[in-house]
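Okay, thanks for coming, everyone. I'll put the structure up and walk through some of the packing and pairing in it.

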Amino acid sequence: MISFNQVHKRYPGGYEALKNVSFGIAEGEMVFVTGHSGAGKSTLLKLIAAIERPNSGSVLVNGQNVGALKGGALPYLRRNLGIIFQDHKLLFDRNVFDNVLLPLQICGFDHRESGKRVRAALDKVGLLRREKANPIALSGGEQQRLCIARAIVNRPAILLADEPTGNLDAAYAQEIMAIFNSFHQVGVTLLISTHDESVLQNSAVRRLTLKEGVLQ
Amino acid sequence: MTRAFALHSGVLRAVLRRMFASKLAGFLNILVIGIALSLPAGLYTLLQNAQGLVVQFSDTPQISLFLNMEAKTEDVDQLRKQLAQHPAVAGIEFIARAQALEQLKQSTGLSDLIGGLEQNPLPDAFIVHPKPGGAQALDMLRGELAKLPKVKEAQLDSAWAYKLEALLKFGRLAVLILASLLSLALIAVTFNTIRLQILTQREEIEVAKLIGATDGFIRRPFLYFGAMQGLLGGIMAWLIVTASLLLLNGQLGALAQLYASQFVLHPLSPGDSLSLLLFSVYLGWLGAWLSVARHLSQIEPH
């Protein structure tokens, strides 16, 4: 589903985020990307969504070399991905419902169908009763769950999560991991970056550990 | 089809909501565009009206021949024959001096004054209707008629119409220049409005790009906004022009009555009104398009 082949990423200014990284993730697999901050976890996820492009090597998603995609093809790649951002990237000019609706609007979904899907996604993350609220009124954990709802409303085959439990206390973090587990069970491919040991301890999930841009 | 329609009408509703989210700012923009467009549109309307006058007069040119005071009935008869046989003359009318005086009395209400005159100051006159021809042919005919015996003066009544026509050409050029400049102003206003909108919606645009929005999807509301603002500005311009003409017509009515004339200013024709609206929509859209092309590419998510 996802494969990295000798990927090298250097940022302007000379900082080398990833060095010669190669790995593969099968369909339906759940994988953690771990390492200290600055180890290249975020860069790795950004390369999959073509938010950044590799300097050398290839990133394949669904057999497509995303590093070589033209600008016009990017939207269609990203529609197949659900991305959960570290900083949530919620829009505070609209309510919870409309935040989750946005991906469906972008894909041009039918009005009634999208209403059902939005409520299903909100129900999944336990925010159904907050649909009229402004995201700014939500707690950190709720904002994270809203971000998850927005990422899954499109029913993507691949979910990318960048530090989804970063600023949450242990109870919230467990809640979020439980949600991810339920997606894993229905066959979604998940790639979750985290440095949260409490999350990692009690799960027997495959790990990719990065250290200063090198895969251990 | 219905899905596309629902999509576009959804965008349109969002655009309208955004436009009237800040009522005053939105209204001021529309007012600026309306005033900018109403100047050339208003001048154009005045020119069209003047053009109407020119057409009215230059289509039916007349040459007035005033005879010498001492011309006798025989002279008049002879002149009548000469004129009737002239190849460039379509018809003639004779106005005897007594008749002319009577007309003057009736049409000006100066009968007391005229009654006090010792003798009739008006000469006999012919009104010559020439056969259709250019301005030059008319002028030649006038010269020829002026040289006929017993003719004191030959006046081409439509001469002023030709002068006005030349003046109108000048006016039209001025309107064209003004319209071009103000069109640029309209594009600039829209460009800037859209630039500010893009800046304030930077976050939304970034997020939309991250979750798979095409450039078309992101561009669409801005283009609709530009076109919609143009349309409302055009409607505002139309209202300004129409209201101004109504006001002017009120005053003009009193003025025209003094000159015993029925002259009124006609408003913009339906065709011209439609052109005005389409043009302003196009300019708004163009300004938005330029702005979006310039600013949207600068926003890339990281």
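So, at what angle do helix H5 and helix H6 of chain A pack, and how far apart are their axes? Before I answer, one reminder: this is a predicted model. Right, H5 of chain A covers residues 140-152 and H6 of chain A covers residues 170-185; the angle comes out at about 15 degrees, with the axes 10 Å apart. Anything under 35 degrees counts as roughly parallel, and therefore H5(A) and H6(A) are roughly parallel to each other. As for the hand, H5(A) passes H6(A) in a right-handed crossing.

Who's touching whom here? On the H5(A) side you've got Gly141(A), Gln144(A), Arg145(A), Ile148(A) and Ile152(A), and they meet Tyr172(A), Glu175(A), Ile176(A), Ile179(A) and Phe183(A) in H6(A). Sort that contact by class and you get six nonpolar, two polar and two charged residues.

Now, H5(A) has another helix to deal with, H3 of chain A, residues 96-107. H3(A) and H5(A) pack at about 30 degrees, axes 7 Å apart, and that crossing is right-handed too. From H3(A) we have Val96(A), Asn99(A), Val100(A), Leu102(A) and Pro103(A), meeting Leu146(A), Ala149(A) and Arg150(A) in H5(A). By class, that contact has six nonpolar residues, one polar and one charged.

Staying in chain A, let's look at strand E3, residues 30-34. E3(A) pairs in the parallel sense with strand E8, residues 189-194, over five bridges. E3(A) also pairs with strand E9, residues 206-211, again parallel, over four bridges. If you want one residue to keep your eye on, take Val33(A): its bridge partner in E8(A) is Ser193(A), and in E9(A) it stands opposite Leu208(A).

Okay, over to chain B. How is chain B divided into domains? Domain 1 is 2-57 plus 162-298, and domain 2 is 61-157. Their centres, taken over C-alpha atoms, are separated by 52 Å.

There's an open sheet of four strands in chain B, in the order E2-E3-E1-E4, with antiparallel pairing. The edges are E2, 89-95, and E4, 151-156; each has a single partner strand, so one side of each is left without a neighbour in the sheet. Ignoring direction, neighbouring strands are turned by 20 degrees against each other on average.

Zooming in on that sheet, strand E1 of chain B, residues 63-67, and strand E3 of chain B, residues 125-130, run antiparallel and are joined by four bridges. Leu65(B) is the one standing opposite Phe126(B) in E3(B). Then there's helix H6 of chain B, residues 135-146, which packs on the sheet and touches E1, E3 and E4 of chain B; its direction makes about 170 degrees with that of E4(B). And helix H3 of chain B, residues 73-85, lies across E2 and E3 of chain B, running at about 160 degrees to E2(B).

Last thing, the contact between the chains. How many residues does each chain put in? That's 15 from chain B and 14 from chain A. On the chain B side, the elements giving two or more residues are helix H1, 2-19, and helix H8, 202-210. H8(B) gives the most there, with five residues. That side of chain B divides into nine nonpolar, three polar and three charged residues.

Okay, that's my tour. Over to you.

Notes
Residues are numbered from 1 along each chain as its sequence is written. Chains are lettered from A and ligands numbered from 1 in the order in which they are written. This is a predicted model: local features need pLDDT of at least 70, side-chain atom pairs count only at pLDDT 80 or more; totals for chains, interfaces and linings use all residues. Axes are lines fitted to C-alpha atoms, for helices over the stretch in contact, and angles run from 0 to 180 degrees between N-to-C directions. Angles under 35 degrees count as roughly parallel, over 145 as roughly antiparallel, 65 to 115 as roughly perpendicular and the rest as oblique. A crossing is left-handed if the near helix is turned anticlockwise from the far one by less than a right angle, and right-handed if clockwise. Two residues are in contact if their C-beta atoms, placed from the backbone, lie within 7 Å. Ala, Val, Leu, Ile, Met, Phe, Trp, Tyr, Cys and Pro count as nonpolar, Asp, Glu, Lys and Arg as charged, and the others, Gly among them, as polar. Domain bounds come from an automatic or database domain assignment. Two strands pair if DSSP finds at least two bridges between them.
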